[in-house]
Amino acid sequence: MSAASRSLLRAGLTLSILYWTISLLAGWWLPSLLLNAPLPPRPAGEVEASLAALTGEAGHWTVHAVPGGMGVTLRVHWLHRPHPKGAAILLHGFGDDALGTAPRLRDLPDLDVLCFTFRGRDLVPETPSTLGGHERTDVAVVVRFLEGAGWPRDRQVLVGCSQGAGVAILALADLEGQGAPLAGALLESPFMDLRDAARNHLRGTLGRFEVLARPAEWIGIWRAGRIAGFDPATVSPVRASRGIRTPLALLAGDADQTTPLPGVQAIARNHPDLTIVPGADHLEAGSKVPGGWKAWADLRLRSWGLASKP
């Protein structure tokens, strides 16, 4: 072997060792992105004040401590309205909290509305966010809480966006394994599965170089599951959607890079009520869909018996 060849071999070996070392370190760090969800800063009392401002005429809020999964207590805000046709549970996105999706209640005038902040935030910041690994149980608990309060499942609807939409599908699969389906679910931009969500998140930072981070992604997701005590392979809305009987209405933008359209279309293979909004990026479809989100939702809610006729 010539000196030049030996130099090339040493350089290649050095680069390989460097690449795998960086991948291991990045994979060890990645769980912090998955398990520690970012939150908008909220001054003390802002959530309650903002919810009060959204109440409207004749409505009133109650607050309930609902035992969630793994000993976590959920703080559930319930807007009671006169003569509601049903109840909607609002489920927020990854970098958000209950207040982020609460304004959607204005578009649901015929329903009581419940909202809460997912684990890993709010009252229990020390509990890791798992993008659905444990949150699916929390959503199922709130559904059962409503059942205990006199609302049967055929008068309940889940309203979710991004993470919340994916978690809704996971929760529905669990709920239907032990009982009846819900009236329906209005879901904007659900993620396909945990691995795809992590990949899309990194692609937004690394662009075309994301492919080089694949080993780090595998290590990071595996380690996140070990830290938080869940199986990442089970966090798969696309797989969970295959056996769901609850009607799903899906809304997505074709310019979404965070939860790309192909993932939503994969879910829609089993639930073909999919509305695609041209040019809409992540969570823009609701504001850009023809007629507005309320008109899109009312059409489905009326078919499920949960909205007044126009």
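Select Arg-153 and Glu-147. Their side chains meet in a salt bridge, 3.2 Å from N to O. The model is predicted. Color the pair by accessibility. Arg-153 counts as buried because its relative accessibility is 8%, under the 20% cut-off. Glu-147, at 33%, counts as partly exposed.

Next, select Glu-176 and Arg-245. These two also form a salt bridge, with the closest N and O atoms 3.6 Å apart. This pair links distant parts of the chain, 69 residues apart. Glu-176 sits in helix H6 (residues 163-176). Arg-245 lies in the loop between helix H9 (237-240) and strand E7 (248-253). Is Glu-176 buried or exposed? At 11% relative accessibility, Glu-176 counts as buried.

Move on to Glu-284 and Lys-288. The N to O distance in this salt bridge is 3.1 Å. Glu-284 has 28% relative accessibility and counts as partly exposed. Lys-288, at 44%, also counts as partly exposed. How many salt bridges does the structure hold? There are 8.

Now switch to cartoon view. The protein has 12 helices and 8 strands. Find the open sheet of 8 strands, with mixed pairing. Trace its order: E1-E2-E4-E3-E5-E6-E7-E8. The edges are strand E1 (60-67) and strand E8 (274-277), each paired on one side only. Look along the sheet for its twist, which averages 20° from one strand to the next.

Zoom in on strands E5 (residues 156-161) and E6 (residues 184-188). The two run parallel, and 5 bridges join them. Pick Cys-161; its bridge partner in E6 is Glu-188.

Add H6 to the selection. This helix packs on the sheet and touches strand E3 (86-91), E5, E6 and E7. Its direction makes about 140° with that of E5. Glu-176, from the second salt bridge on this tour, belongs to H6.

Then go to helix H3 (residues 46-53). H3 lies across E1, strand E2 (73-80) and strand E4 (111-115). Against E2, H3 runs at about 20°.

Finally, show the whole chain with its surface. Buried residues make up 52% of the 310 residues. The exposed area is about 14200 Å², and carbon and sulfur atoms supply 60% of it. Which share of the contacts with a separation of 6 or more comes from residues 24 or more positions apart? Those residues account for 76% of such contacts.

Methods:
Residues numbered from 1 in each chain as written. Predicted model: local features only at pLDDT ≥ 70, side-chain atom pairs only at ≥ 80, totals over all residues. Heavy atoms only, no water. Salt bridge = Lys/Arg side-chain N within 4 Å of Asp/Glu carboxyl O. Buried < 20%, exposed > 50% of the residue type's maximum accessible area, 1.4 Å probe, protein only. Helix = DSSP H or I, 4+ residues; strand = E, 2+ residues; numbered from the N terminus. Contact = heavy atoms within 4.5 Å. Areas by Shrake-Rupley, 256 points an atom, 1.4 Å probe, with all protein chains shown as cover. Pairing = 2+ DSSP bridges. Axes fitted to C-alpha atoms, helices over the stretch in contact; angles between N-to-C directions.
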